[in-house]
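Biologist: Before we discuss charged side chains, could you put the sequence and the model on the screen?

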Amino acid sequence: SPVQVKKLHTITGHRDCIYTLQGGASADGFFSAAGDGMVVRWSLTDPENGEVVAKLPNSIYALHYHKPSGLLITGHNYEGIHLLDWQNKKETGSLQLTKAQVFDINKFDSAIIVATGDGTVTMVNPNSLTITHKAQHTDKSARTIAVNEVTGDIAVGYSDHFIRIFDEHLQLKSEFKGHDNSVFTLRYTPDGSYLISGSRDARLKVWDAKAGYVKAAEVVAHMYAINHIEFSPDGKHFVTCSMDKSIKVWDLAELRLLKVIDRARHAGHGTSVNKLLWTTYNNQLISASDDRTLSVWHIIF
């Protein structure tokens, strides 16, 4: 493969599995959160020194940087969502949505969408901290949310193996069995034409959003569960990470595997890779793992 990968940094500091990553206000800044309840801000200009911005008593699976308000929203397991003024390290508000885990947080316009372990998808007004819309079509976990910036569709992947498509009021537009196991990750392509899904069944599938979500492609992408999909800043490539400890780099147009990043070849992670963040800061990719470390990669095409 013509793709070159260089490991730039191994970042330590968390005391438990790292579940989520989120970009920040600047290109070099990002946040991580883990099973230790810590939310940490990092800078790629000085990756050795993180700053703890919050310490919560339970595991954190979901983070979202809410650009309209500049607040960081955390999915605090069993206690709903917490809004953090990360610069001043203080909480500005919270909302008890459910006693279940918060698995994903996204946004639609200025609203926040939350996916939880009881199968509920909730839309919240972050200014008033009120619930505006709610949808529950199964009691199996809602695991991942993707928003189509072109059409306004909201796609949600569930542990009942289904993908459900909602409108801006969380009214169900369509539903279909996506995989043979839990759907852990969904991402729309940058042009909004396709939805890519990854599952515990280790398969990557592409759905044609313009043609009613008919399946356009499928590939056995990993050995075990696919935890996350992330696009490159230029939209030409994407990466997947898996419980099989690897990160894979793909060509989007051809759905072609370009590179495998793993422990044997690139001093990769020793356990499950849970989340990826491909930044605009020198095209650097960050990965988070059960091994309690973050890795920073430079990928050259």
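**Salt bridges in the predicted model**

Modeller: In this predicted model, Glu175 and Arg164 form a salt bridge whose closest N and O atoms lie 2.8 Å apart. The pair links distant parts of the chain, with Glu175 in strand β17 (residues 172–177) and Arg164 in strand β16 (residues 162–166).

Biologist: How many residues apart are Glu175 and Arg164?

Modeller: Glu175 belongs to strand β17, whereas Arg164 belongs to strand β16. Along the chain, the separation between the two partners is 11 residues.

Biologist: Is Arg164 buried or exposed?

Modeller: Its partner Glu175 has a relative accessible area of 40% and is partly exposed. For Arg164 the relative accessibility is 4%, and because buried means under 20%, Arg164 counts as buried.

Biologist: Which residues are linked with Arg164 in a network of salt bridges?

Modeller: Arg164 forms a salt bridge with Glu175, and this pair belongs to a network that also includes Asp160. The residues linked with Arg164 are therefore Asp160 and Glu175.

Biologist: Is Asp180, which forms a salt bridge with Lys177, buried or exposed?

Modeller: The closest N and O atoms of Lys177 and Asp180 are 3.5 Å apart, and Lys177, at 48% relative accessibility, counts as partly exposed. Asp180 has a relative accessible area of 53%, and because the exposed class begins over 50%, Asp180 is exposed.

Biologist: How far apart are the closest N and O atoms of Glu218 and Lys215?

Modeller: Glu218 is partly exposed at 33%, and Lys215 is likewise partly exposed, at 45% relative accessibility. They form a salt bridge in which the closest N and O atoms are separated by 2.6 Å.

Notes: Residues numbered from 1 in each chain as written. Predicted model: local features only at pLDDT ≥ 70, side-chain atom pairs only at ≥ 80, totals over all residues. Heavy atoms only, no water. Salt bridge = Lys/Arg side-chain N within 4 Å of Asp/Glu carboxyl O. Helix = DSSP H or I, 4+ residues; strand = E, 2+ residues; numbered from the N terminus. Buried < 20%, exposed > 50% of the residue type's maximum accessible area, 1.4 Å probe, protein only.
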